[in-house]
Amino acid sequence: MQADIVVLPGDGIGPEVTAAAVEVLRAVAQRYGHVFRFEHHLIGGAAIDATGSPLPPETLAAARRADAVLLGAVGGPKWSDPKAAVRPEQGLLAIRKALGLYANLRPVKPHPAALGASPIKPHLLNGVDLMVVRELTGGIYFGTKQRSSESASDLCEYTVAEIERVVRRACTLARERRGHVTSVDKANVLETSRLWREVTTRIVRDEFPDITLEHQLVDSMAMHLLAKPREYDVIVTENMFGDILTDEASMLAGSLGLLPSASLGEGRVGLYEPIHGSAPDIAGRGIANPYATILSTALLLRHSLGLESEARCIEKAVGAALDAGVFTADIAPAGRGVSTQAATGAVLAQLQIECEPVV
Ligand code: NAD
Ligand code: IPM
Ligand code: MN
């Protein structure tokens, strides 16, 4: 197959981890006889520095033409002045919105070999396999913002249609998994959450009667997620709750550097990125964990290109690298980890073993 992949490295460790992921995609292409064409474009702080805009029109146009987009991360101290007129993060929000990517899939499945990296007791982690479906283009992130010298406000708004489509996506995913959906809200306080709960209940009752639905308030959910993570299958929630709960969930896997994501809409193009940020504290040192971005390429192959065995081959190769104890500092015992390049090299070596060669 032939596919056009737009790569948006962004800032901080973004270029380091996307370079690793592109190497893996090239190896998969070679192994399976595909042609992947890569086009690199600017986003975030790097784009602000070069063009003044965090999402230059050429970047968005290229993303719209592509079969899939692979993104590193945006942001960093250089652009973090609270008084700054433009911010790197606006570029990321804008591309998600422009491409209509309302469903952000964030799978969390701790790997047995990396359980030691988690601060959670291993017996709680065995068998954990959950999927957070985070609403990505609505809520408080996109409501009207106001600022005066004396006050500030961010409006949180959801329409019925916005809730329906992401809940449908979550239920459809649950059907292919264990058939259980946990919807997370703050319905005891927020009007948007009461609407969320009402719509979710109706969609499941009318369209997914085979799915079991449970509602959970976000504050206690933050606790349950660590206390009994095995009980969850699909978790669906609004934009900001999903952002926060998934950074928390990364501690089940052991590191932010292990969690991939897929952002999907009704359109053709999907965007794939690790859930972590630009990690300014370790950027430029060649020690970032590339596995989250490499695992995001597996999601890209699965969801945008329909290449399931290639996707599995990447997942198996990362698993085998972990089994072999190839750990970057974020997951290594006593922080004595290998470089980004060495971890990538281990995945590339495992690909040769795990993937079906072309016949
Ligand atoms: P962060 O995710 O960048 O880093 C949090 C901690 O996790 C840091 O200690 C970092 O070193 C570590 N970490 C993250 N990814 C890692 C990896 N692959 N390997 C090893 N360690 C890793 O969060 P932050 O420090 O709160 O934010 C930094 C910047 O990133 C901010 O400007 C923020 O807006 C931005 N950000 C961007 C995205 C994105 O582009 N999708 C996501 C989150 C944060
Ligand atoms: C993420 C990030 C972004 C978000 C920021 C950088 C806008 O934290 O992708 O998780 O909050 O969505
Ligand atoms: Mn986040």
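**Strands, helices and two ligand shells**

In β10, Val234 is the bridge partner of Met131.

Student: This model is predicted, and I would like to start with the strands: how many bridges join β5 and β10, and in what sense do they pair?

Tutor: In this predicted model, Met131 is partnered by Val234 of β10. Taking the two strands as a whole, β5 pairs in the parallel sense with β10, which covers residues 234-237, and the number of bridges is four.

Student: Where do β5 and β10 stand in the sheet, and which strands are its edges?

Tutor: The sheet is open and mixed in its pairing, with 10 strands in the order β2-β1-β3-β12-β11-β4-β5-β10-β8-β9, where β5 stands beside β10. An edge strand pairs on one side only, and the strands that do so are β2 (35-40) and β9 (212-217).

Student: What is the average twist from one strand to the next?

Tutor: Following the sheet across its order of strands, β2-β1-β3-β12-β11-β4-β5-β10-β8-β9, one finds that each step turns the direction somewhat. Averaged from one strand to the next, the twist is 25 degrees.

Student: Which strands does helix α6 touch, and what angle does its direction make with that of β5?

Tutor: Helix α6, made of residues 160-175, packs on the sheet, where it touches β4 (103-108), β5, β8 (180-185) and β10. The angle between the direction of α6 and that of β5 is about 165 degrees.

Student: Which strands does α10 touch, and what angle does its direction make with that of β12?

Tutor: Helix α10 also packs on the sheet, and the strands it touches are β3 (68-73), β11 (262-264) and β12 (270-272). Its direction and that of β12 make an angle of about 160 degrees.

Student: Is Ile294 buried or exposed, and which residues does it touch?

Tutor: Ile294 belongs to helix α10, which runs over residues 291-303. Ile294 counts as buried because 28 other C-beta atoms lie within 10 Å, where 20 or more are needed. If residues up to four places away in sequence are not counted, Ile294 touches Ala20, Ala21, Val24, Ile314, Val318 and Val347.

Student: Between β12 and α10 there is a loop that holds Ala279; what is the phi of Ala279, and why does Ala279 count as buried or exposed?

Tutor: Ala279 is not a glycine, and yet its phi is positive, at about 40 degrees. Because Ala279 has 24 C-beta neighbours inside 10 Å, it counts as buried.

Student: Which strand pairs with β8, and why is β8 described as enclosed or open?

Tutor: Strand β8 pairs with β9 in the parallel sense over six bridges, and Ser183 has His215 of β9 as its bridge partner. Since five of the six residues of β8 are buried, the rest of the structure leaves this strand largely enclosed. The strand that pairs with it is β9.

Student: Which residues does UniProt list for "binding site", and are Arg134 and Asp219 buried or exposed?

Tutor: The unreviewed UniProt entry lists Arg96, Arg106, Arg134 and Asp219 for "binding site". They spread over 124 residues of sequence and also in space, with up to 26.7 Å between C-alpha atoms. Arg134, in strand β5 (residues 130-135), has 28 C-beta neighbours inside 10 Å and therefore counts as buried. Asp219, in helix α8 (residues 218-227), has 12 such neighbours and so counts as exposed.

Student: Which residues touch Arg134, apart from those within four places in sequence?

Tutor: One of the contacts of Arg134 is Arg106, which the UniProt entry also lists for "binding site". With neighbours within four places set aside, the full list is Asn104, Arg106, Thr237, Asn239, Gly242, Asp243 and Thr246.

Student: Which residues surround ligand 2, and which helix gives the most to that shell?

Tutor: Around ligand 2 one finds Gly75, Glu89, Leu92, Leu93, Asp243, Ile275 and Gly277. By class, this shell has three nonpolar, two polar and two charged residues. The helix that gives the most, with three residues, is α4 (residues 88-98).

Student: How many residues surround ligand 1, and which come nearest?

Tutor: The shell around ligand 1 divides into 11 nonpolar, seven polar and four charged residues. There are 22 residues around this ligand, and those that come nearest are Gly75, Gly257, His276, Gly277 and Asn289.

Notes. Residues numbered from 1 in each chain as written. Chains lettered and ligands numbered in written order. Predicted model: local features only at pLDDT ≥ 70, side-chain atom pairs only at ≥ 80, totals over all residues. Contact = placed C-beta atoms within 7 Å. Near = placed C-beta within 6 Å. Nonpolar A, V, L, I, M, F, W, Y, C, P; charged D, E, K, R; others polar. UniProt positions renumbered as here; feature names shortened; annotations may be inferred. Pairing = 2+ DSSP bridges. Axes fitted to C-alpha atoms, helices over the stretch in contact; angles between N-to-C directions.
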